[in-house]
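Hi,

Here is the structure I promised to pass on. Have a look at it first, and then read my notes underneath.

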Amino acid sequence: MAAWRKLFASVSAFRAMNAPCRSFKSSCSRGAEKDFFKDLEAQFRSFREKAAAAMPGSDWSPFELNPGLPPERADVVIVGGGVVGWSIAYWLKRKETVRDALRVLVVEKDPTYSQASTVLSCGGIRQQFSLKENILLSLASADFMKNINDHLGVINEDPVDLQFNHSGYLFLASEKVAHIMEENYSTQRYAGAKVTLLSPTQLKERFPWLNTDGVALASLGLENEGWFDPWSLLNALRRKAVSMGVYQCFGEVTGFRCSTKMAETLDGDFFNVNRIKYVNVRMPNSLEYQPVECAVVVNAAGANSGKIAAMLGIGLGPKQSISGIPLPVEPRKRFVYVVHCPDGPGLDTPFLIDYSGVYCRREGLGGNYITGMSPEETEEPDISNLDVDHEFFQEKVWPHLAHRLPAFESLKVSSAWAGFYDYNTFDQNGIIGQHPLVTNMYFATGFSGHGLQQSPAVGRAVAELIIDGCYKTIDLSAFDLKRILLQEPILERNIV
Amino acid sequence: MLKVLIPTIMLFPTIWLSSPKWLWTETTAHSLLIALVSLTWLKWTSETGWAVSNMYLATDPLSTPLLVLTCWLLPLMILASQNHINPEPISRQRLYITLLASLQTFLIMAFGATEMIMFYIMFEATLIPTLIIITRWGNQTERLNAGTYFLFYTLAGSLPLLVALLLLQQSTGTLSMLILQYSQPCTLQSWGHKIWWAGCLIAFLVKMPLYGVHLWLPKAHVEPPVAGSMVLAAVLLKLGGCGMIRMMVMLDPLSKELAYPFIILALWGIIMTGSICLRQADLKSLIAYSSVSHMALVAGGILVQTPWGFTGAIILMIAHGLVSSALFCLANTAYERTHSRTMILARGLQMIFPLTAVWWFVANLSNLALPPLPNLMGELMIITTMFNWSPWTITLTGTGTLITAGYSLYLFLMSQRGPAPSHIMGLSPFHTREHLLMVMHLVPVLLLITKPELMWGWCH
C-alpha cells in the first residue's frame with residue numbers, strides 16, 4: 001500500500017514537473033483546457049488522499065454531508081429550542097401511538113443558549129394568577145416537575161435533579177389593591193392552588209425579617225410554588241426527547257417556502273392563505289441551508305417569534321385587514337441582580353413580590369439573593385444587547401428592597417445579568433393556536449415571563465392540538481391567537 | 001408481440017423529441033395507445049399452449065395477463081408522476097420518463113421471453129432503472145440505504161440462478177421453455193441437485209418476496225417516488241411469481257419435499273407481515289408490508305404446484321398489482337398535499353375530499369379481499385388448494401385473512417374517518433388527473449369480476 005502510494009506520488013510529481021513544459025505551449029485557447037486538467041488532477045489527488053485515509057478505522061464516506069444539517073424531511077418542525085420547544089417535542093413523542101410515527105425536528109439558533117430566555121430566567125413557578133388557565137397550567141407543570149424522573153428519566157443515565165425549592169411565593173398587597181388579591185385568592189383556591197391569605201400581623205409572625213409597613217394583605221403559596229433550575233429542566237427535556245428520537249439541529253430559520261391560495265371573505269375581501277411546504281434552515285456561520293420538507297411547523301421561538309411570523313407575511317398586509325395585524329411578541333429586556341447580604345432572611349424565605357413591583361428570592365445557601373424589578377412601560381431598556389444597567393438597581397430596585405427588607409440596607413451586588421422576556425405586548429399572556437392565514441403553523445409563544453413555569457403543560461397542550469386536534473387535559477382556548485385578531489385581550493388582574 | 005414491443009421502443013424518440021409543452025401529453029397518449037393495443041392479447045386464439053410470435057418472444061396464458069398489466073401501468077405511472085416531476089428541468093423530466101419506458105421494455109421482453117436466459121437477463125436488467133429511480137428521485141436520505149438493500153438482495157438471490165440455468169443448459173442442451181416443458185422429469189437425489197433446485201428458486205423467492213428475505217421491500221417501496229413504488233408493487237414483484245411458475249415446470253419431482261420449508265415460511269410470513277401492518281405509522285410502509293403479505297400467499301400457492309394453486313396465484317398477482325398500485329397512488333396524493341407520510345397527521349380526509357374517500361374505500365375493500373372482487377377469488381383458490389395439501393394450513397391462512405381485513409380497515413379508518421386535524425384544512429383540491437388515475441386503476445379490477453377467464457391461466 002505504501003509502495004503504491006509512493007509510486008503515485010512520484011507519478012504526480014513527474015506530472016507536476018512536466019506542467020511548466022506544457023505551459024510554454026499555452027495560448028488563450030488552451031487556457032480553459034489546462035484548467036480543466038488541473039482541476040481534474042486536483043480532484044484525483046484529493047480522492048486518492050481520502051481513499052488512503054479510508055482504511056478500516058477511518059470515517060471517510062463518499063458523500064460529503066455536513067453532519068450538522070437537519071434531515072431533508074420532517075413531519076413536525078419546532079422552531080426554537082428553548083424549554084417550550086423541547087417540551088412540545090417531548091410530548092409529541094410521548095403521545096404518538098406507534099413508535100417513530102412522527103419525525104420531530106427541533107431547530108435552535110444558538111447552541112450556547114447565550115441569549116435564550118429559558119436559561120436566563122429566575123426559574124420561579126407560582127400558581128398565584130388571576131386567570132384560571134394560568135393557574136391550571138402552573139399546577140400541571142408543578143406536578144410534572146415533582147415527578148420529573150417518572151417523566152424524563154432515561155435508563156442508565158443520572159436522575160434529573162431540578163433543585164426545586166418549594167419555598168412558595170409571597171405577594172404583598174397595599175390597601176388599594178387588596179380587593180384584587182382577595183378575588184384572585186378565591187379563583188386560585190377554586191382552581192386547586194394551595195394558597196393562603198395572611199394579615200400583616202400573621203405576616204410579621206411568620207417572617208419577622210419583613211417590614212409590613214403599608215401592607216394590607218399578603219398571599220402565600222403553600223405547595224407547588226418556588227423556584228428551580230431552568231437549565232436542568234431544559235437539559236432533562238432535551239435528553240429525554242432525543243432519546244425518544246427527536247432530531248436536533250443547530251441552525252437559524254431564515255425563511256419558508258409556502259404554497260399560497262387566494263381566499264375570499266364574506267365581505268368580498270381577498271387575502272392569501274399560506275401553507276408551509278419547506279422550512280429553510282441555515283447552518284451557523286455559513287451560507288449553506290437545508291430546506292426541510294414538513295407538514296406542521298410550531299413557532300416556539302420565544303423572543304424571536306415575531307420575526308418568524310413576519311417571514312410568513314403576518315403583519316405585513318394592509319393595516320385594516322387580518323394580515324396587517326402582526327404577532328404582538330417582542331423581546332423585552334429584564335435585569336436580574338445577585339446580591340450578597342450576610343444578615344438577610346434565612347432558609348424559609350419565599351419568593352417575595354412587593355406591590356411596588358420589586359421581587360427577591362434566596363439563591364443557594366450562602367446568603368445570596370436574586371432580585372429585580374419590572375421597569376415602567378415608558379422606560380423599557382434597549383433590546384439590542386444584553387448589557388446590564390446597574391443604575392437601575394441603585395435608583396429603582398434598592399430603595400424599595402431596603403424598605404421592605406431592612407436587612408438589605410447593607411448589601412453588595414455580586415453579579416447581574418439580563419435576559420429577554422418574549423413579551424406579548426397585547427395582553428401579556430401566552431398565545432397558543434393557529435393563525436387563519438397560515439394553515440399549518442402552531443404558535444406557542446408570548447408567555448411574557450411565565451413560559452418556563454408553564455412549559456411542561458403548554459407542551460402537552462400543543463401536542464394535543466397537533467395530534468388529537470383539540471385540548472384534552474387543560475382547555476386553553478382562551479389563549480387562542482384569534483383574540484389578537486379580534487382585539488379581545490384577556491388580561492391578568494395583577495396587583496403589580 | 002412486436003406490435004407492442006416496437007412502439008414501446010419508439011417511446012424513446014417520442015420522449016426526447018417532444019417539445020417541452022407537449023412532453024407529458026404525448027408520452028401519456030403514446031403509452032395509452034400501447035396499452036390499448038396490448039389488450040388484443042387477451043383474445044386467446046391459439047390452440048396450443050403458446051401464442052407464438054417468434055422463437056424468442058411468445059405469450060401464454062400466464063404471461064398474457066401480466067403483459068397487459070405491465071402495458072396498462074405505464075400510462076398510469078406517467079400520469080401519477082406529472083405533478084412532482086414538473087418543477088425539475090426538462091431534460092431530467094425526459095430522463096425520468098425514459099427510465100420508466102426502459103423498464104417497460106425490459107418487462108415486456110421478460111414476460112414474453114421463451115428462453116430462460118432471456119428471462120434472466122431481463123429480470124436483472126429491470127434492476128437498473130428501478131435503482132436509478134429509487135436513489136435519484138427518492139425523498140429522503142434513507143433512499144441510499146433502500147437502493148443498496150434492493151440491489152444486493154436481488155443480486156445475491158439471482159447469481160445462483162445464473163449458475164443453475166447454465167447447469168440446466170449443460171444437461172438438457174436448451175433453455176427454451178417451449179422445449180423444456182416436454183423434458184423428462186429427471187430423478188434428482190444428490191445434495192448437488194437439491195442445491196440446484198434451491199438455486200433456481202431463490203432469486204424469485206427474494207423477488208416475491210418470501211418472508212425471510214423480504215427486508216428490502218419496505219425500504220424499496222417507501223423511498224422512491226410514486227411511479228417507482230407503483231411499478232415495484234404492481235409488476236416487479238410479479239416477475240418473481242412468473243419466474244417461479246416457469247421454473248416449477250422443470251423442477252419436479254424434487255419440489256414435493258423441498259418446497260416444504262418455503263411453504264411454511266410463506267404462510268408464517270402472511271401472519272407476521274400482516275401483524276406488522278397493524279403497527280405501522282407510515283402510510284407507504286403499511287402498503288408495502290401488505291404487499292409482502294399478499295405475495296406470500298401467492299408464493300405458497302405456486303409452491304404447492306396444483307392447478308388451482310397456479311390459477312389462484314395468477315389471479316391474485318393481477319388483482320394485487322392493480323390494487324396495490326392504486327393504494328400507492330392514493331398515499332402519494334396525501335403525501336403531495338401534507339408533505340408527510342405519517343398516518344397520525346393526515347386523518348379525517350373524508351370530510352375534506354369526499355370523492356377520494358370513495359377511491360380509498362374501494363381500494364381498501366379490494367385489499368382486504370372483499371367478494372366478488374378478483375382478490376378474493378385468487379385468495380380463495382390458494383387457500384383451498386393449500387387446505388387440500390394440508391388441512392392445518394387453514395389456521396394460518398384463515399388468521400392471515402382476518403389480519404388482512406384488520407389492517408385494511410385500520411388504514412381506511414385512520415386516514416378517512418375521525419375528526420380532521422386543523423392543520424390540514426387548507427389542502428388543495430384533487431385534480432381530474434388524480435381521479436382519472438384512480439378510475440383507471442379500480443375500474444379494471446371491477447371489470448375483472450365479470451370475466452376472470454382472462455386471468456385463469458392454462459389450468460381451466
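**Helix packing**

In chain B, helix α3 (residues 23–38) packs on helix α5 (residues 90–111) at an angle of about 10 degrees, and their axes are 11 Å apart. Axes here are lines fitted to C-alpha atoms, for helices over the stretch in contact, and angles run from 0 to 180 degrees between N-to-C directions. The helices (H or I, at least four residues) and strands (E, at least two) are DSSP runs, numbered from the N terminus. α3(B) and α5(B) are therefore roughly parallel to each other; angles under 35 degrees count as roughly parallel, over 145 as roughly antiparallel, 65 to 115 as roughly perpendicular and the rest as oblique. On the α3(B) side the contact (heavy atoms within 4.5 Å) uses Leu23(B), Trp24(B) and Thr27(B), and α5(B) brings Ile90(B), Gln93(B), Arg94(B) and Ile97(B). By class, the residues of that contact are 4 nonpolar, 2 polar and 1 charged. In this scheme Ala, Val, Leu, Ile, Met, Phe, Trp, Tyr, Cys and Pro count as nonpolar, Asp, Glu, Lys and Arg as charged, and the others, Gly among them, as polar.

Before I go on, some housekeeping: this is a predicted model, so to speak of local features we need pLDDT of at least 70, side-chain atom pairs count only at pLDDT 80 or more, and totals for chains, interfaces and linings use all residues. Residues are numbered from 1 along each chain as its sequence is written, chains are lettered from A and ligands numbered from 1 in the order in which they are written, and side-chain values use heavy atoms, with hydrogens and water left out.

Also in chain B, helix α13 (residues 255–278) and helix α19 (residues 393–416) pack at about 20 degrees, with axes 9 Å apart. That makes α13(B) roughly parallel to α19(B). Their crossing is left-handed, i.e. the near helix is turned anticlockwise from the far one by less than a right angle (clockwise would be right-handed). Residues in the contact include Trp268(B), Ile271(B) and Gly274(B) of α13(B), along with Gly400(B), Ile403(B) and Tyr407(B) of α19(B). The class split is 10 nonpolar, 7 polar and no charged.

Over in chain A, helix α3 (residues 83–95) meets helix α8 (residues 230–243) at an angle of about 30 degrees, again with axes 9 Å apart. α3(A) and α8(A) are therefore roughly parallel to each other, and their crossing is left-handed. Val83(A), Trp86(A), Ser87(A) and Tyr90(A) make the contact from α3(A), while the α8(A) residues include Leu233(A), Leu237(A) and Arg238(A). That contact has 8 nonpolar, 1 polar and 2 charged residues.

**Pockets and cavities**

The second largest pocket has a volume of about 1100 Å³. On a 1 Å grid over the protein atoms alone, a pocket is an open set of points with protein on both sides within 12 Å along at least five of seven lines, a cavity is a set where a 1.4 Å probe fits but cannot get out, and lining residues have an atom within 4 Å of a point. Points are joined across faces, edges and corners, and a volume is the space filled by probe spheres set on them.

Which residues are the closest to the centre of this pocket? Of the 36 that line it, they are Tyr278(A), Glu293(A), His84(B), Asn139(B) and His339(B). α15(B) gives the most to the lining, with 4 residues. By class, the lining has 12 nonpolar, 11 polar and 13 charged residues.

As for cavities, the whole structure has 7 of 30 Å³ or more. The second largest cavity has a volume of about 80 Å³. Thr333(B), Ala334(B), Leu349(B), Phe353(B) and Phe430(B) lie nearest its centre, out of 13 lining residues. α15(B) gives the most here too, with 5 residues, and the lining divides into 8 nonpolar, 4 polar and 1 charged.

**Backbone details**

Two cis peptide bonds to look at:

- Met208(B) to Pro209(B), with omega about 0 degrees; Pro209(B) is in the loop between α10 (191–207) and α11 (216–222) of chain B.
- Pro371(B) to Pro372(B), with omega near -5 degrees; Pro372(B) sits in the loop between α17 and α18 (374–389) of chain B.

Finally, Gln487(A) has a positive phi, near 60 degrees, although it is not a glycine. Gln487(A) lies in the segment after α12 (482–486) of chain A.

Cheers
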